[in-house]
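Good morning, and thank you for making time on the agenda. Please have the sequence and the model open while I speak.

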Amino acid sequence: AASFSRMFVQVCLYFYCKCLWRCLKFVVRKLTGRCELQRICYNTKPGAARTMKIEASLKGSKSKRLQTSVSVHPDAIEKTIDDIMELKRINPDINPQLGISLQACLLQIVGYRNLIAEVEKLRREPYDSENPQHEEMLLKLWKCLKPNSPLKARISKQWCEIGFQGDDPKTDFRGMGLLGLYNLVYFAEWDTEIAQQVLSDSLQPKYSWILIFFFPPPLCLGQFSKAEWEKKKFDKAIGYSFAIVGINITDLAYNLLVSGALKTHFYNVAPEAPTLTHFQQTFCYLMHEFHKFWIEEDPLDIMEFNRVREKFHKRILKQLQNPEMALCPHFAASESLVNM
């Protein structure tokens, strides 16, 4: 009986709040002469804050036409904007900027959904050693990471040198499919210097001068006292398998994407639809940051990997709770976002 009562009260509260919210929106519109979409676009600066509010407003609308506008085909966005303006009785000639702002937001919203589908397709496609394109990508990964060490054979223990578990890397891609390979190749090809450095560091039994690479003097000295620096540079650093960690970080990036956590980042760096390139650039950032985080955590052994990964995951999630957060703003596709 008590359980039923609680459920009844919760249902009543839900409908009360829903009706109250509708009434408040109606009153605010009458007082301001603007609908919720107008208020968001005029009072919120472009980026994640605006796009996420627009997305929530459209999804929470009582109109089916508005609810479905977040899942239209990209080619139908312009017509969708016209439909929204008509439904909301907004004159586009008097409010030209509103249409532009709504279009930018819808491009991001629809683009994010499409990016999830594209990433999921790659994740579900298994590595096929009989596929020449797959094999070509795998060999490219080796050449980018080990340009001065020719691969002696396709099946070789040399693969362990870049962090695969056995003689044939194809078995290591089972969890993330082609997505893991795509990300590793992108990192090795476009961030070659950093990728090679991270690989080299992961093989070292000591920190040596890793911190100099990430915090060049005098920056590094600003983070540690001279005594701490002298101790830190000789502390042991447990190595890890570069390629396996790359596939694991791909899984982390994938989960951030599917959960919606990466909306904050993508809506802030992609002025229109986020693409696979944005996702791969984010992966590069995560690889770089995880490597630094691993060194900072100073794990006792490789068995602590899951603990360190989970702690890193929570730190990234916390950063993404800030609506102004851009994990790697230098990857922004365009500066025109500020003008929308």
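I shall go through helix packing, the cysteines, the aromatic pairs and, briefly, one acidic residue.

One caution before I begin: what you see is a predicted model.

Let me start with helix 2, which covers residues 36-43. How many of its eight residues are buried? Six of them are, so helix 2 is largely enclosed by the rest of the structure. The buried residues are Glu-36, Leu-37, Gln-38, Arg-39, Ile-40 and Cys-41.

Part of that surrounding is helix 6, residues 96-124, whose axis comes within 10 Å of the axis of helix 2. The two axes cross at roughly 85°, and the helices are therefore roughly perpendicular to each other. On the side of helix 2, the contact is made by Leu-37, Gln-38, Cys-41 and Tyr-42. Helix 6 contributes Leu-98, Ser-101 and Leu-102. In character, the residues of this contact divide into five nonpolar, two polar and no charged. Of the helix 2 residues in the contact, Leu-37, Gln-38 and Cys-41 are also among the buried ones.

I turn now to the cysteines. How many disulfides does the structure hold? The number is zero. Consider Cys-284 as an example: the closest cysteine sulfur to its own is that of Cys-328, at 8.5 Å, which is too far for a bond. A disulfide would require the two sulfur atoms to lie within 2.5 Å. Seen from the other end, Cys-328 is likewise in no disulfide, and its nearest cysteine sulfur belongs to Cys-284. Both side chains are shielded by the accessibility criterion: Cys-284 is buried with a relative accessible area of 2%, and Cys-328 is buried with 1%.

Next, the aromatic residues. A search of the whole structure finds 16 aromatic pairs, and I shall describe two of them.

In the pair of Tyr-112 and Tyr-267, the ring centres are 6.0 Å apart and the planes stand at 65°, so the arrangement is edge-to-face. Which parts of the chain does this pair tie together? Tyr-112 lies in helix 6 and Tyr-267 in helix 14, residues 263-269, so the pair joins parts that are 155 residues apart in sequence. Tyr-112 counts as buried, at 2% relative accessibility, and Tyr-267 counts as buried at 0%. Helix 6 thus returns in this second setting, having already been described in its contact with helix 2.

The other pair is formed by Tyr-240 and Trp-294, and it too is edge-to-face, with 5.7 Å from centre to centre and 80° between the planes. Tyr-240 sits in the loop between helix 12 (226-232) and helix 13 (242-259), whereas Trp-294 is in helix 15, residues 276-297. These two positions are 54 residues apart, and the pair links distant parts of the chain. Tyr-240 is buried, at 7% relative accessibility, as is Trp-294, with a relative accessible area of 3%.

Tyr-240 and Trp-294 also belong to one aromatic cluster, together with Phe-290, Phe-293, Phe-305 and Phe-312.

Finally, a word on Asp-83, which is placed in helix 5, residues 77-87. Is Asp-83 buried or partly exposed? At 22% relative accessibility, Asp-83 counts as partly exposed, given that buried means under 20%. Its C-alpha is 9.4 Å from that of Ser-69, a residue 14 positions away in sequence.

That concludes my presentation, and I would welcome discussion.

Note on methods. Residues numbered from 1 in each chain as written. Predicted model: local features only at pLDDT ≥ 70, side-chain atom pairs only at ≥ 80, totals over all residues. Heavy atoms only, no water. Axes fitted to C-alpha atoms, helices over the stretch in contact; angles between N-to-C directions. Helix = DSSP H or I, 4+ residues; strand = E, 2+ residues; numbered from the N terminus. Parallel < 35°, antiparallel > 145°, perpendicular 65-115°, else oblique. Contact = heavy atoms within 4.5 Å. Nonpolar A, V, L, I, M, F, W, Y, C, P; charged D, E, K, R; others polar. Buried < 20%, exposed > 50% of the residue type's maximum accessible area, 1.4 Å probe, protein only. Phe/Tyr/Trp six-rings, centres within 6.5 Å; stacked < 30°, edge-to-face > 60°.
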